[in-house]
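Please open the structure in your viewer with a cartoon representation and keep the selection panel at hand. The tour below proceeds from one selection to the next and states what is to be found at each stop.

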Amino acid sequence: MKPVIRIRLLSKIILSGFVVTVLFFAGCSTQKNTFLNRNYHSITTLYNGYFNARESYRDGLRRLNNMHEDNYENVLSIFRYGSEQQMQTVAGSMDIAYQKASTAIRRHSMNIRGVEYNRWIDDSYFLIARSHYFKRDINLAVLTFEYIIRQYEDSPLKYKSKIWVAKSYIQSGQFNNAQQALDRLARNKEEGLLDRQDLLLYNMVYADFHLQQQNYGKASLYLENAAKLSRSRNQRTRLTFILAQTYHQERKWAEAQQTYARVLRLNPDFQMAFQARINMAMAFDTESGDAGYILSELEGMLRDSKNREFRDQIYYALAQFSMRQNQEDKAIEYYELALENYRGNRSQKGLSFLRLGEVFLDRKEYLKSAQMYDSTMTYLSREYPEFEQAGKKNLLLKELAAHIRIVEREDSLQRLARLSTTERNAILDQIIEDLQEQERLEREQEQERARLRQEMARHGRSRTQPGETEGGWYFYNPSAISFGRNEFFAKWGERDLEDLWRISNKQIMAFGDMGDFDMMDEEGEMQGGRVTRASLMENVPTTPEKLQTSNERIARAYYNKGLIFKDRLIDRQSAINSLEAVISRFPENENRLYSAYFLHGLFSAAGNTSQAQFYKNLIISEFPDTDFAKILEDPNYAENLIQRQNKIKELYKQAYEAYIAGNYSYARNLTLRADTLDKNLEQSAQFSFLNALITGKTSDAYDFIDQLTYVKENFEGTKVHQPATNLLAYLGSGAMGEEFAADPGARREREERERGLEPGTREEALEKSVFFYRPESVHFYVFIVDTRNLQIRELRNEINTFNRENFGDRNLNLSTLFFDERRQLITVTNFPDAANALEYESQIKEELKSKEYDLEQLKAFIISVDNYPVFYQERKLDEYLEFYQIAYTFGE
């Protein structure tokens, strides 16, 4: 090739490269609407930021779908999104999706004069909105979906976003907002603006809207439509199964059976097919159907070897079927067979326990019911809709069972005490013999387990040892888990997941059913080693003192049982039996009056006027001066009592408002008027404390101390006792002598000078506040601790240590009292003025920060001794924090 030609060719290559480079960099501009720019930014968005965001989002959805467990006991969910806890596990994937999509928008959006020219930007926003939804940032999700609706009028995502708005509202329980969104979508649907995919999602969301509110009849239409629109066989099968469940819930037996049959024709997975067959049997019409046919179908399923692992569910279905047939005894038998055929399905075992608990509760067999509910809480999944309610019943029945067992135990012990020495010793010897036999059997079992462990060690450890080559955490190592499970089984056998699982015999060893003798330790051994007659006799009430203590336990248990039956289980007859036992067996018991009053009400409600009159007469004759007697004698007494109580409350309110307004003389007169009224202890304490505060404003320190001492000594346990005690401690230090000088007029004059500043925001706000700004007063430093987030004991220890090391010469004190049901006050006291308190504040905050305490979790502030009573007694936290910001942090 000639040199001239080569030079020309080289020049063309260089020129072409230069042109391509110029065009490439020109393509990076997001403010020029050219063909090259649009395609460059669209392609880069699609195959870079948006692609990675979408993959992370899809990965999160796949994991949610895999974690989701269907509970066939209830209507299935439309969407397989797992539980709230499971959804939290994909927050990381959704965060990545959000970040990648946001970066794509920031770098490649071509929004020029309000028009977006990059066709993948709306998809990126749609992905961001859905990532917010799955992170449960519902408000952000709705705002982003609504932005798409407003900003991208012609985008195909507009109507999908509208559907997701409704879906978001449903997820957060905002059903009114969801209804409005769905109504707007219904109009768009009528106008033909929704494509096939939009219509599918619209019908699924509308069905979910009704299912969430248990409107099964209304959900059916939308489920039918969605099933017809779906092109996915798995999705169509699921929707059809849910449709069958809605018919089942509505007791439309024929439609339910026909729809379950449709599910089977769609060739579902084994679990759904199994449940469809079970539910077809459960949808049997007891009035017109053939019960024998259904029983034969279920029994046939039991015989099928493929269903061996599901026999517990089949027996459970048979039990439920028997309950519908009103064959309760047969149902109990089947529930117990379901438990016997447990094969690892913990939720199913929990359901069987739950249903048995319900049956025994209806039968008023409370101890059996308590046992079933206790086992329910061991096995039932926390995600099960009835878990919370079952937990409440479990706690209630546990409490009741404890009282029942106290009565049984103490009665049995008293029977044992009444026996002759010969008879009693015979029973004790039998108990000792039984314990020794139990110990012998346990030794033999342990020897057999040891033999099995050795055998497993020889054979099992020839394989990879747990934790050696497979690595990782123990619970990520299948070999380690398998070996551990087998070794545990060899040593202990199959054990339920429960507290004190190592105790093989937690049954009652007693005379009759008198409960244990409190001699068993955690391993099931007798305390102190060998069991003797003397050790077993320790709790037997053989002396008058022990017998009295035993009777007091029985009386309390009967009374507490009666209240549970009366107020919480609404079992009138059991309540009557328990409360009458208090009256008849223990005539001197402290709860005799209350028991009689409750019995009067129970018999009145039952229409038993003679017994109601009997207990009315008992109360009037034995307790004539009580409010109960007066109420029974005078039907208007209760109403008059309420009026008197309201009068006292109104009088206190007026006196307190007069005190706050500085009208101390009028406030004093009102407190004196209260002395003529019949007040309870708490009301008397409030008036006495208010009177003390008025004294502090109008007299000297000595009178103030006398009044506070009266409150402290006479009203322990009331709300004002701790504030009065705190005030006394600081008055005793002498730091407040000048503040409570004998000349109240001079003091008020000084206060007016202090507050008579030039007009301004701060001064006006302070003037309007109910609190006073007195920086020279004794001050406290207060922490308000939410005990749900912080351990108050640890915080107290930290503050005490800090005070001792840094303010040891200041004689600081620490006190704790409740502010409300979830918050407590830690008060550091005895700062001579605001300056010292503020100095302490700066140091303690640095100290806690260095200890990695989250100061945002703590509300902390200084407060003068004058303001403390108003703040604490009236719980004026927000008002004081506003005052604190103005008075002490103004200008910072």
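**Strands β5, β3 and β6**

Begin by selecting residues 823–831, which form strand β5. Nine of the nine residues of this strand are buried, so β5 is largely enclosed by the rest of the structure. Please bear in mind throughout that the model is a predicted one.

Next, add residues 779–786, strand β3, to the selection. β3 and β5 pair in the antiparallel sense, and seven bridges link them. To locate the register, display Tyr-781 and Val-828: Tyr-781 stands opposite Val-828 in β5.

Now extend the selection to residues 858–864, strand β6. β3 also pairs with β6, again in the antiparallel sense and over seven bridges. Here the residues to display are Phe-783 and Ala-860, since Phe-783 stands opposite Ala-860 in β6. How many of the seven residues of β6 are buried? Six of them are, so β6 too is largely enclosed by the rest of the structure.

**Helices α2 and α4**

Clear the selection and choose residues 35–67, helix α2, together with residues 91–108, helix α4. The axes of these two helices come within 8 Å and cross at roughly 170°. An angle over 145 degrees counts as roughly antiparallel, and α2 and α4 are therefore roughly antiparallel to each other. The crossing in which α2 passes α4 is left-handed. Colouring the contact by residue class gives nine nonpolar, nine polar and four charged residues.

**Helices α16 and α17**

Move on to residues 328–340, helix α16, and residues 346–362, helix α17. The axes of α16 and α17 come within 9 Å and cross at roughly 155°, which makes α16 roughly antiparallel to α17. This crossing, too, is left-handed. Keep α17 on display, as the next stop lies on it.

**A salt bridge from α17**

Side chains of opposite charge can pair when their charged atoms come close. A search of the whole structure finds 32 salt bridges; the tour visits a few of them.

Select Arg-355 and Glu-386 and show their side chains. The two form a salt bridge in which the closest N and O atoms are 3.3 Å apart. Arg-355 lies in helix α17, whereas Glu-386 is in the loop between α18 (366–379) and α19 (387–418), so the pair ties together parts that are 31 residues apart in sequence.

Are the partners buried or partly exposed? Arg-355 has a relative accessibility of 8% and counts as buried, because the cut-off for that class is under 20%. Glu-386, at 26%, counts as partly exposed.

**The network around Glu-365**

Now select Glu-365 with Arg-363 and Lys-368. Glu-365 forms a salt bridge with Arg-363, with the closest N and O atoms 3.7 Å apart. The side chain of Glu-365 also meets that of Lys-368 in a salt bridge, at 3.4 Å from N to O. The relative accessible area is 26% for Glu-365, 31% for Arg-363 and 43% for Lys-368. Accordingly, Glu-365 is partly exposed, as are Arg-363 and Lys-368.

Add Glu-328 and Asp-329 to complete the picture: salt bridges that share partners join Glu-328, Asp-329, Arg-363, Glu-365 and Lys-368 into one network.

**Backbone torsions: Lys-364 and Ile-570**

Select Lys-364, which is found in the loop between α17 and α18. Its phi is near 65°, a positive value in a residue other than glycine. Lys-364 is partly exposed, with a relative accessible area of 47%.

Then select Ile-570, in the loop between α23 (544–568) and α24 (572–585). Phi of Ile-570 is near 50°, likewise a positive value in a residue other than glycine. At 64% relative accessibility, Ile-570 counts as exposed.

**Thr-532 and Ile-432**

For the final stop, select Thr-532, in the loop between α21 (478–492) and α22 (533–536). Thr-532 is partly exposed, its relative accessible area being 25%. Draw a distance from its C-alpha atom to that of Ile-432: the two atoms are separated by 7.2 Å, while the residues are 100 positions apart along the chain.

Note on methods. Residues numbered from 1 in each chain as written. Predicted model: local features only at pLDDT ≥ 70, side-chain atom pairs only at ≥ 80, totals over all residues. Heavy atoms only, no water. Axes fitted to C-alpha atoms, helices over the stretch in contact; angles between N-to-C directions. Helix = DSSP H or I, 4+ residues; strand = E, 2+ residues; numbered from the N terminus. Parallel < 35°, antiparallel > 145°, perpendicular 65-115°, else oblique. Left-handed = near helix turned anticlockwise from the far one by under 90°. Nonpolar A, V, L, I, M, F, W, Y, C, P; charged D, E, K, R; others polar. Salt bridge = Lys/Arg side-chain N within 4 Å of Asp/Glu carboxyl O. Buried < 20%, exposed > 50% of the residue type's maximum accessible area, 1.4 Å probe, protein only. Pairing = 2+ DSSP bridges.
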